Amino acid sequence: MARQTGAMPRPASIVILTGAGISAESGVPTFRGPDGLWEGHRVEDVATPEAFARDPHTVLRFYDLRRAALATVEPNAAHRALARLDAEFEGELLLVTQNVDDLHDRAGSRRLLHMHGELKRSLCAACGESRPFEGDMLTNRSCRGCGASALRPDIVWFGEMPYEMDRIERALAGCDLFVSIGTSGAVYPAAGFVRTARACGAATLELNLEPSAGTAWFYAARHGPASVLVPAWVDEVLGG
Ligand code: BV8
């Protein structure tokens with residue numbers, strides 16, 4: 001497949017998908033590091049409903065530590081560039097993030113959707129309510145809505161349905177540009193979004209440190225750090 005190399009035509013409707021790679025330069029560990037472990041854990045030991053049922057203490061502590069670590073990191077130039085795009089791009093825009101950190105929110109992105117949930121929200125297994133959450137869930141699992149001691153992290157684990165899939169599918173069907181930033185293309189359904197967009201006639205661009213598992217599905221790909229590639233791409237789109 002011939003790769004597009006030059007600047008792309010000015011889009012009218014953009015869907016952006018981000019993954020852990022966009023937060024890497026802020027100091028947030030990615031999922032698939034060289035040792036394949038994720039902060040010392042196997043993913044299936046901390047990011048599945050079965051793991052939570054089997055060992056809630058380990059899972060709650062894993063998320064408590066990641067939630068606490070948010071206070072030590074800041075949005076980087078890539079998050080800030082996407083927030084500028086959100087503020088200045090007059091077409092349709094949806095930023096779908098797989099990340100559960102709050103760096104896109106803190107950078108100022110508004111047209112934003114956390115498809116895998118958020119570290120700073122809790123979900124009550126009793127009443128089903130999702131609420132903002134701060135602090136440690138290990139020592140505070142009481143739901144402020146129904147009072148039951150039944151809180152879990154509001155995180156989409158493996159085997160659970162990602163949030164707002166209908167809204168995402170509609171946006172993919174209607175966009176003329178799909179951009180994937182900082183994701184390995186290892187997890188579905190997010191990894192399949194490029195194919196959906198492409199089948200609907202959108203141009204597709206990958207901005208990643210290295211070719212992802214799905215790189216062959218992209219018309220264009222630029223490889224390097226997000227803090228360099230994303231501001232340059234946003235300048236292109238806004239500068240026309
Ligand atoms: C579902 C929350 C059913 C947890 C996460 C076989 C085939 C297809 C699918 C499946 C299958 N077997 C099982 C499945 C389903 C499964 C899946 O895909 N498994 C994989 C492992 C095969 N998926 C699910 O279970 C999903 N749910 O399928 O439900 C369903 C679905 C639809 C309709 C009905 C029913 C739920 C998946 C969500 C799981 N939760 N996160 C938490 O965060 O604690 S997934 C987690 O990993 C992340 O959220 C993210 O989504 C995912 C992938 O991680 P990445 O973000 O890509 O990070 P990674 O480290 O992998 O890569 C980082 C990239 O950045 C690298 O490419 C690197 O080069 C690059 N990078 C690094 N530094 C930089 C950089 N790029 C730029 N600049 C840098 N500086």
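Before I start, my residue classes: Ala, Val, Leu, Ile, Met, Phe, Trp, Tyr, Cys and Pro count as nonpolar, Asp, Glu, Lys and Arg as charged, and the others, Gly among them, as polar.

I am working on a predicted model, where local features need pLDDT of at least 70, side-chain atom pairs count only at pLDDT 80 or more, and totals for chains, interfaces and linings use all residues. Residues are numbered from 1 along each chain as its sequence is written, and side-chain values use heavy atoms, with hydrogens and water left out.

**Second largest pocket.** I looked here to try out the classes: its lining splits into 11 nonpolar, four polar and three charged residues. A pocket, on a 1 Å grid over the protein atoms alone, is an open set of points where a 1.4 Å probe fits, with protein on both sides within 12 Å along at least five of seven lines; lining residues have an atom within 4 Å of a point.

**Largest pocket.** Where does the ligand sit? I found the ligand in the largest pocket (more than half of its atoms lie within 2 Å of the pocket's grid points). By class, I get 24 nonpolar, 13 polar and five charged residues in the lining of the largest pocket.

**Ligand contacts.** I checked N and O pairs within 3.5 Å, the cut-off for a polar contact. A polar backbone atom of Ala20 is 2.8 Å from an oxygen atom of the ligand. Nitrogen atoms of the ligand lie 2.8 Å from a backbone N or O atom of Val156 and 2.9 Å from one of Ala226.

**Ligand shell.** I noted 18 nonpolar, 11 polar and five charged residues around the ligand.

Technical notes. Polar contact = N/O pair within 3.5 Å; in protein donor to acceptor, adjacent residues only side chain to side chain.
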